[in-house]
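Welcome, and please take a moment to turn the model around before reading on. The paragraphs below walk through it step by step.

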Protein chains: 2
Amino acid sequence: MLQEAHASPTFSPLYRQIKSLILQGLESGEWRPGESIPSETELASRFGVSQGTVRKAIDEMAAENLLVRRQGKGTYVASHNDDDPRLMFRFLRLVSEGGKLEASQSVPLECWRAKAGQEAARTLGIKLGAPITIIRRLLKFSAKPVVIEEIYLPGETFAGLTLEVLQEYQGSFYGLIESRFGVRMIRAEERLRAVAADRGSATLLGVAAGSPLLSVERVSFTYGDKPVEWRRGLYSTADHYYLNELF
Amino acid sequence: MLQEAHASPTFSPLYRQIKSLILQGLESGEWRPGESIPSETELASRFGVSQGTVRKAIDEMAAENLLVRRQGKGTYVASHNDDDPRLMFRFLRLVSEGGKLEASQSVPLECWRAKAGQEAARTLGIKLGAPITIIRRLLKFSAKPVVIEEIYLPGETFAGLTLEVLQEYQGSFYGLIESRFGVRMIRAEERLRAVAADRGSATLLGVAAGSPLLSVERVSFTYGDKPVEWRRGLYSTADHYYLNELF
DNA sequence: GAGTGGTCTAGACCACTCC
DNA sequence: GAGTGGTCTAGACCACTCA
């Protein structure tokens, strides 16, 4: 079953093999977001390795935000539907000028089907003309509109997504995607530029047309580095800023 | 010397105590950037703990980019004067539209002394009116100006810094700071906004006045979370973008 | 008190680098 | 071949959670 540690020319340490076995369990849905995975000793005996080896595998996955360890309780599959708002809005980097944490509110505006254009097809890795779902929404902080964004999703996977569903759901967008469609976002890339506000966006955000806005383009990935979301947001950075930590 | 693992109410595991001992060695200059620290076995016997405990301490420090492990050779103090450009320009997130790696070139414009104003004093944690050094410089990619920035440094520490020194130095700015003044940047926070180009910046960047620019404000920290640099950059994002990975 | 993750140890062996 | 970091094991004990 398991590769001998040093037998192969494409050498991969045992704990990485264990890691990818656990990953398989996550991908296949054997352990769902929010649930606990088996204990370290249980996994060790199941895979026929020592507890320390399982531990190292889990350590890495916890560092990648795939798993969450809770001492005395167990190890859990990370979820966007968590009590902790830092996990819930993991990907939102926008902070108010004062620095205090503000509750953000999502206001879905539209949701419709379309066919993938050149760019959407390329970034989402689907065929040109394949069905996609597009969402337009507004993000408000303290009742003030701060972000307007469009979200592009591969249509096959998200067939049941409607404006009503979006309006009803309490919690983060990724929480919805996860619990309703079983798709877990685990990683994203953002490309930031400064752009001038077009008329429509300016009106929605309550700024003058042509005023500078922060353009944030995001591609999100699920297991296996598969892209499953492409979005473009325009951020009004008068009273808020995009915070990034560098290490 | 070392705290018994479980004796104190302010419990701190052994490997964290080892970690802070190694950190002391870095802060005090016992081991300098680019040099190797003693081997794990050596440190283990010196601190009277097992190799595994030292290993865990070093693991964390390597994850924080304070140390670099090199199998078969040893563990080295991370440096901004490294062959690897990913370490050299660790904090620069700007990428050209094509995505290909471009050589960036720094063009120092001015360097003068001043007294800290309200904002500089607060962010750098120094007294109002304390001496500071200000640098203005241009960053070029493929000979095109893309970034104009001003850098504020607490003056005491960087007394010998002049325009000539900046012009002569080959390598990254943090490399210079590190080798010439012994100050290691280990962490930074960036605040991003979209702003309109003022006349002067527009001219230098070769864009129209009023066109949108990405404002990047950075505070850099050295050991002990002490702020030692405040800079504000204006990025022209016509042919480049700011790339950020989210996990 | 049973079960979980968290820490620490001691020892064996492998992979890599350099002489 | 000597020395370094990298992997793996087995076992002990601690801290935390929950019933």
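A residue is called buried when its relative accessible area is under 20%, exposed when it is over 50%, and partly exposed in between, using a 1.4 Å probe and the protein chains only. By that rule, 47% of the 247 residues in chain A are buried. This is a predicted model, in which local features need pLDDT of at least 70, side-chain atom pairs count only at pLDDT 80 or more, and totals for chains, interfaces and linings use all residues. Residues are numbered from 1 along each chain as its sequence is written, chains are lettered from A and ligands numbered from 1 in the order in which they are written, and side-chain values use heavy atoms, with hydrogens and water left out.

Let us begin with chain A. Its C-alpha atoms fill a box of roughly 65 × 45 × 35 Å along the principal axes. Its secondary structure comes to eight helices and eleven strands; helices (H or I, at least four residues) and strands (E, at least two) are DSSP runs, numbered from the N terminus. A contact means heavy atoms within 4.5 Å. Among the contacts in chain A between residues at least 6 apart in sequence, 58% join residues at least 24 apart.

Now look at three strands of this chain. Two strands pair if DSSP finds at least two bridges between them. Strand β1 (residues 36-37) of chain A pairs with β3(A) in the antiparallel sense over two bridges, and A:I37 stands opposite A:T75 in β3(A). On β2(A), A:R70 faces A:G74 in β3(A), and four bridges join these antiparallel strands. β2(A) and β3(A) form a hairpin with three residues between them, and A:G72 in the turn has a positive phi of about 80°.

How does chain A relate to chain B? With copies superposed by least squares on the C-alpha atoms of residues with pLDDT of at least 70 in both, a turn of 180° and a shift of 0.0 Å along the axis lay chain A on chain B with an RMSD of 0.0 Å. The two copies are therefore related as by a two-fold rotation axis. The same surface serves both: 100% of the contact residues of chain A recur in chain B.

Next comes the DNA. A residue is near a strand if one of its heavy atoms lies within 4 Å of it. There are 22 residues around DNA strand C, and A:R55, A:R69, A:G72, B:L14 and B:T53 come nearest. This surface divides into five nonpolar, ten polar and seven charged residues, where Ala, Val, Leu, Ile, Met, Phe, Trp, Tyr, Cys and Pro count as nonpolar, Asp, Glu, Lys and Arg as charged, and the others, Gly among them, as polar. The hairpin strands return here: β2 (67-70) and β3 (74-77) of chain A, together with α1 (14-27) and α3 (51-63) of chain B, each supply at least two residues.

Which parts of DNA strand C lie within 4 Å of the protein? Of those atoms, 87% belong to sugar or phosphate and the rest to bases. A backbone N or O atom of B:Y15 lies 3.0 Å from a phosphate oxygen, while a polar side-chain atom of B:Q71 lies 3.1 Å from a base nitrogen of this strand.

Finally, DNA strand D has 21 residues around it, and A:L14, A:T53, B:E40, B:R55 and B:R69 come nearest. Phosphate oxygens of DNA strand D lie 2.8 Å from a polar side-chain atom of B:R55 and 2.7 Å from a side-chain N or O atom of B:R69. Here α1 (14-28) and α3 (51-63) come from chain A, and β2 (67-70) and β3 (74-77) from chain B, each giving two or more residues to the surface.

Key: Polar contact = N/O pair within 3.5 Å; in protein donor to acceptor, adjacent residues only side chain to side chain.
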